[in-house]
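Trainee: Got a minute to go through this one with me? I'd like to get a feel for the fold before I head back to the bench.
Mentor: Sure, pull it up.

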Amino acid sequence: MMAREDGAAARAMSNFGFSQLRVVRPYEPAFREARSAVGASDLLARAEQYETVGQAVADCTLVAGTTAVRHRELQHPSHRLETGGGRIRKHLRASSARVAILFGSEKFGLSTKDLSHCHWLIRIPTVDANISMNLGQAVAICLYEMIRDSKIAGTKAAKNLDKLPPATSAEIERITALLLDALHISGFLTLRRVADAEERIRRLVRRLNLPARDAVIWLGIFRQIVWKMNSGENAKSVLDDKGPAAR
């Protein structure tokens, strides 16, 4: 691959959290300093170099090649990206062995000899009028597919938070009362006098939609704050009672 292509691939890897780049016969004078490797110069500097594809994938138990297909006759099973991505994720879950995704240069792609090292092929569904993609785009799309499950898992986890039992009205009222105490002691409500302060604070707390488990924590936090503020007020009162001479 040319330096620009190596840099674009490294940048895509960095974007999606992949750190091991292997290159076969790179353009040595420039590939480690590729300007297109924005934010991924360290990754590019650590890239491993090999003379042959066979050497580069020797320790991998699964090698998936990439191709735009066109009209070439393929001797391998070919899967759409979403299917291939699922197979790779399944393989990684089942074993700790290495998996390689093999990309060719933008100009020539992977040769028949290169493809012979692959177990099967991945293709990104593009329109016939413009079937090929530049290397950086192809790497980014493939790697996003590799991590898509973790993003979905994160979304599901967020949704599961919505299913937590909500705080009861009694818990919300206790939090509101403690918050109002803190606001009175601090002087906040004195500086900002409004007739319906209590109702506003109650609505504000309810809009938080606190789960029951969080309500317990907030109650503890506000109790400690109010206790500390009251302790400070009491200490101040004692000092004031003793007068200036006592200070």
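**Walking through the model**

Mentor: Let's begin with contacts: among those in the protein chain with a separation of 6 or more, 80% are between residues 24 or more positions apart. Keep in mind that this is a predicted model.

Trainee: OK. How many helices and strands are there in the protein chain?
Mentor: Ten helices and six strands.

Trainee: And what share of the residues counts as buried?
Mentor: Of the 247 residues in the protein chain, 32% count as buried. The accessible surface comes to about 15,700 Å², and 55% of that belongs to carbon and sulfur atoms.

Trainee: Which residues have the most contacts inside the largest nonpolar core?
Mentor: L21, I88 and V139, in a core of 23 residues. Several elements supply at least two residues of this core, including α1, β3 and α4. The biggest giver is α6, with six residues.

Trainee: Is there another core apart from that one, or what else should I look for?
Mentor: Yes, another core of 17 residues lies apart from it, with L178, L179, A197 and V205 among them. In soluble globular proteins, nonpolar side chains tend to be buried together.

Trainee: Back to I88. What does I88 touch, not counting residues up to four places away?
Mentor: I88 touches L62, A64, V99, I101, W120, I122 and M146.

Trainee: Switching topic: pockets. How much space lies in the largest one?
Mentor: About 1,000 Å³. The lining of the largest pocket has 35 residues, and those nearest its centre are Q20, R22, A100, I101 and L102.

Trainee: Which element gives the most to that lining?
Mentor: β5 does, with five residues. By class, the lining of the largest pocket has 24 nonpolar, five polar and six charged residues.

Trainee: I101 rings a bell.
Mentor: It should: I101 is one of the residues that I88 touches, and I101 also lies among those nearest the centre of the largest pocket.

Trainee: Now some single residues. Where is D149 found?
Mentor: D149 is in helix α6. Leaving aside neighbours within four places in sequence, D149 is in contact with R89 and R93.

Trainee: How far apart are D149 and G85?
Mentor: They are 64 residues apart in sequence, and 9.7 Å apart in space, C-alpha to C-alpha.

Trainee: Why does D149 count as partly exposed?
Mentor: Because its relative accessible area is 32%, and partly exposed runs between the 20% and 50% cut-offs.

Trainee: What about E106, where is its place?
Mentor: E106 sits in the loop between β5 and α5. E106 is partly exposed, with a relative accessible area of 31%. The C-alpha atoms of E106 and S132 are separated by 8.4 Å, and the two are 26 residues apart along the chain.

Trainee: Last one. What is the phi of N209?
Mentor: It's positive, about 50°, although N209 is not a glycine. Most residues other than glycine have a negative phi.

Trainee: Where is N209 found, and why does N209 count as exposed?
Mentor: N209 is in the loop between α9 and α10. N209 counts as exposed because its relative accessible area is 63%, and the cut-off for exposed is over 50%.

Technical notes:
Residues numbered from 1 in each chain as written. Predicted model: local features only at pLDDT ≥ 70, side-chain atom pairs only at ≥ 80, totals over all residues. Heavy atoms only, no water. 1 Å grid on protein atoms, 1.4 Å probe; cavity = no way out; pocket = protein on both sides within 12 Å on 5 of 7 lines; lining within 4 Å. Points joined across faces, edges and corners; volume = space filled by probe spheres on them. Helix = DSSP H or I, 4+ residues; strand = E, 2+ residues; numbered from the N terminus. Nonpolar A, V, L, I, M, F, W, Y, C, P; charged D, E, K, R; others polar. Core = buried A, V, L, I, M, F, W, Y, C linked by side-chain atoms within 4.5 Å. Buried < 20%, exposed > 50% of the residue type's maximum accessible area, 1.4 Å probe, protein only. Contact = heavy atoms within 4.5 Å. Areas by Shrake-Rupley, 256 points an atom, 1.4 Å probe, with all protein chains shown as cover.
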